[in-house]
Amino acid sequence: MSGIIFSIIAGAAMSIQGVMNTRLSDKIGLYESNVIVQGSAFILSLTALLLLGKGSFRAVTGVNKLYLLGGALGIVITVTVMLSMKSLSPAMAVSVILISQLLVAAIIDAFGLMDSPQIPFTWNKYIGMALMIGGVILFKWKT
């Protein structure tokens, strides 16, 4: 149950953050707002580390070096969310983002990429994906 609750919080926070970042970028610029967003996230992450951290940075030597690039995706995510929300409505942008997330996650599962357990992409997942895409088309369809 906690996974569902955390997922709901993450989804809501991502939608709110996307709109907030886009409005900020409208006033001060895209990359300027990205610095503020990533900078404040760094300060809060450092604070959380100091207060709650129990891991070990020494263990990083045993990690696949590719995984160290996860943080670099932050600029890609932040900037492309802002650009998509600027050119689409927030609801449409989030809808397309969610479909993209689901599709990429399904590919990761299906092929067991990045040390994930392999989970087949079965017919019901194809139908679910088609329904989601159809929903976005209906959502965007202007009468």
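Asp-115 is exposed, with a relative accessible area of 66%, and its backbone takes a positive phi of about 65° even though the residue is not a glycine. This residue of the predicted model belongs to the loop that joins α4 to α5. The loop between α4 and α5 also holds Met-114, another residue that is not a glycine and yet has a positive phi, here of about 55°. Where Asp-115 is exposed, Met-114 counts as partly exposed, because its relative accessibility is 48% and the exposed class begins over 50%.

From this loop one can step back to the chain as a whole. The secondary structure of the protein chain consists of five helices and zero strands, so that, read from the N terminus on, the order of elements is α-α-α-α-α. The C-alpha trace spans about 55 × 45 × 30 Å along its principal axes, and of the 143 residues in the chain 16% count as buried. As for the confidence of the prediction, the mean pLDDT of the protein chain is 91, with 99% of the residues reaching 70 or more. Among the helices, confidence is lowest in α5, residues 123-140, where the mean is 88, and highest in α2, residues 30-52, where the mean is 95.

The helix that leads into the loop described above is α4, which covers residues 90-111. Its 22 residues reach 31 Å from the first C-alpha to the last, a span close to the 32 Å expected at 1.5 Å a residue. The buried residues of α4 are Met-92, Ala-93, Ile-99, Ala-106 and Ala-110. Seen down the axis of the helix, these buried residues fall within an arc of 165°, and they therefore line one face of α4. One of them, Ala-106, can serve as a reference point in this helix: Ala-106 has a relative accessible area of 10% and is buried, because the buried class takes in values under 20%. Measuring across the model from C-alpha to C-alpha, Ala-106 and Arg-58 are 32 Å apart in space, with their positions 48 residues apart in sequence.

Other buried positions can be found in the helices that come before α4. Ser-25 sits in helix α1, and with a relative accessible area of 8% this serine is buried. The C-alpha atoms of Ser-25 and Gly-62 are 38 Å apart, while the two residues are 37 residues apart in sequence. Met-82, in helix α3, has a relative accessibility of 1% and so counts as buried. For Met-82 and Gln-17 the picture in space is another one, since the two residues are 65 residues apart in sequence and 9.4 Å apart from C-alpha to C-alpha.The helices α1 and α3 come together with α4 in the description of the largest pocket, which has a volume of about 540 Å³. Three helices, α1 (2-28), α3 (73-87) and α4 (90-111), each supply at least two residues of its lining. The lining comprises 21 residues in total, and those that lie nearest the centre of the pocket are Met-14, Ile-77, Val-81, Ile-97 and Gln-101. The largest share of the lining, eight residues, comes from α3. In chemical character the residues of the lining divide into eleven nonpolar, ten polar and no charged. A reader who wishes to place the pocket in the model can thus begin from Met-14, Ile-77, Val-81, Ile-97 and Gln-101, the lining residues nearest its centre.

Conventions:
Residues numbered from 1 in each chain as written. Predicted model: local features only at pLDDT ≥ 70, side-chain atom pairs only at ≥ 80, totals over all residues. Heavy atoms only, no water. 1 Å grid on protein atoms, 1.4 Å probe; cavity = no way out; pocket = protein on both sides within 12 Å on 5 of 7 lines; lining within 4 Å. Points joined across faces, edges and corners; volume = space filled by probe spheres on them. Helix = DSSP H or I, 4+ residues; strand = E, 2+ residues; numbered from the N terminus. Nonpolar A, V, L, I, M, F, W, Y, C, P; charged D, E, K, R; others polar. pLDDT = per-residue confidence, 0-100. Expected span 1.5 Å × (residues − 1). Buried < 20%, exposed > 50% of the residue type's maximum accessible area, 1.4 Å probe, protein only. Arc of directions from axis to C-beta.
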